[in-house]
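Trainee: I would like to go through the reasoning behind the labels. Show me the structure, and let me ask how each one is justified.

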Amino acid sequence: MKLATYKDGSRDGQLVVVSRDLTTAHYATGIANRLQQALDDWNFISPQLQDLYDTLNHGKARHAFPFDPTLCMAPLPRAYQWADGSAYLNHVELVRAARGAELPESYFTDPLMYQGGSDDFLGAHDAIRVASEDFGIDFEAELAVITGDVPMAATPEQGLDAIRLLMLVNDVSLRHLIPDELAKGFGFFHGKPSTAFGPVAVTPDELGEAWIEGRVHLTMQIDWNGRKVGRCDAGPDMRFHFGQLIAHAARTRRLRAGSIIGSGTVSNPGVEKDGRREWPKGYGCIAEKRAMETIQDGAPKTDYMRFGDTVRIEMKGKDGESVFGAIEQNVSQFGR
């Protein structure tokens, strides 16, 4: 099934069930008002939401209305936890290679992960508001899962069983603020503002054969200012699947229902062509593009985002239909 949260003036919005083709929706009133309610009692509430979803898809829901993604908050507007991994090692390898550093061996066996702010997520059409272009504004196209309760020291198999929903992500980064923060030895804070999520969260069964052992085998489509910059395959190059990422997050603590675990930027390795390294599938963030340019030509030439820029992130199924709806954001100056 597919679920979204409509803006209603409150912090947590109103839960709606959305049809498979993303054309119609129905308020989940009487079943659950908010997505967190459903996650807290998933085994009881989700079958009722599924019944409404089936009715909606058959065109028999009495109070259905046209679905409007511009009215959506993040599916889970604020969460108990947001932990983002870096499961695509090519992303890390690119950035490190651009400064002449190799990947430590531990990166191949132990996932990278940071804990981000989860109290104020952005909806798919909310503006990216930043005080200054000098911060180095970047998009990052990712996937994420929302979990049920996960016990401490969970296995990857238990992690997979705990996945309730999947989402599309734009994990906004302020690149020029990050190096000084990391140099302090404590990690990201100012460099990671509010994260945006696609309009619709989906259960894994909606992905059909594209959902294989905790990985989504579909193409991440990224457009920047209307230009195609990434058509990245999210499946085979994901070093750590979502079950492994969840197990990593739960190594020393339990995760409560409503925890969100991210994949990191979807990224594919380059290929050698005429003695030159090329990346035919493009990039999932500008930092990668700048790393590619540095590797190829010795220096980056692509600037980060400017006020007025737009980014669009979407993933389509094997049938060509949008799975999560699209993230469509513009960049604006805070205070203006």
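Mentor: Start with the term buried. Buried means under 20% relative accessible area, exposed means over 50%, and partly exposed lies in between, with a 1.4 Å probe and protein chains only. Helices (H or I, at least four residues) and strands (E, at least two) are DSSP runs, numbered from the N terminus. This is a predicted model, where local features need pLDDT of at least 70, side-chain atom pairs count only at pLDDT 80 or more, and totals for chains, interfaces and linings use all residues. Residues are numbered from 1 along each chain as its sequence is written, and side-chain values use heavy atoms, with hydrogens and water left out.

Trainee: What makes helix α6 (residues 242-249) largely enclosed by the rest of the structure?

Mentor: Six of its eight residues are buried, so the helix counts as largely enclosed. Those residues are Phe 242, Gly 243, Leu 245, Ile 246, Ala 247 and Ala 249.

Trainee: What covers the buried residues of α6?

Mentor: Contact means heavy atoms within 4.5 Å. The cover includes the strands β6 (113-116), β9 (141-147), β10 (163-170), β14 (211-212) and β18 (259-262), along with helix α4 (156-161).

Trainee: Why is Gln 244 called partly exposed?

Mentor: Its relative accessible area is 26%. That value falls between the 20% and 50% limits, so partly exposed is the label. Gln 244 is found in α6.

Trainee: Which residues is Gln 244 in contact with, leaving aside neighbours within four places in sequence?

Mentor: Pro 156, Arg 215 and Arg 239. Gln 244 and Ala 154 are 90 residues apart in sequence, and 9.4 Å apart C-alpha to C-alpha.

Trainee: What makes β10 mostly covered?

Mentor: Eight of its eight residues are buried.

Trainee: How do you know that β10 pairs with β12 (residues 196-197)?

Mentor: Two strands pair if DSSP finds at least two bridges between them. β10 and β12 have two, in the antiparallel sense, so the criterion is met. In one of these bridges, Asn 170 has Ala 196 of β12 as its partner. β9 and β10 also run antiparallel, joined by seven bridges. There, Leu 143 is partnered by Leu 168 of β10.

Trainee: How do you know that Cys 232 has no bond to Cys 285?

Mentor: A disulfide is a pair of cysteine sulfur atoms within 2.5 Å. The sulfur of Cys 232 is 9.2 Å from the closest cysteine sulfur, in Cys 285, so it is too far for a bond. The structure holds zero disulfides.

Trainee: Are Cys 232 and Cys 72 buried or exposed?

Mentor: Cys 232 has 1% relative accessibility, so it counts as buried. Cys 72 is buried with a relative accessible area of 1%.

Trainee: What makes the phi of Leu 22 worth a remark?

Mentor: Most residues other than glycine have a negative phi. Phi of Leu 22 is near 65°, a positive value in a residue other than glycine. Leu 22 is in the loop between β2 (14-18) and β3 (24-27). At 14% relative accessibility, Leu 22 is under the limit and therefore buried.

Trainee: And why is Asn 225 called partly exposed?

Mentor: Its relative accessibility is 43%, so it sits between the two limits. Asn 225 lies in the loop between β16 (219-224) and β17 (227-233). Its phi is positive too, near 55°.
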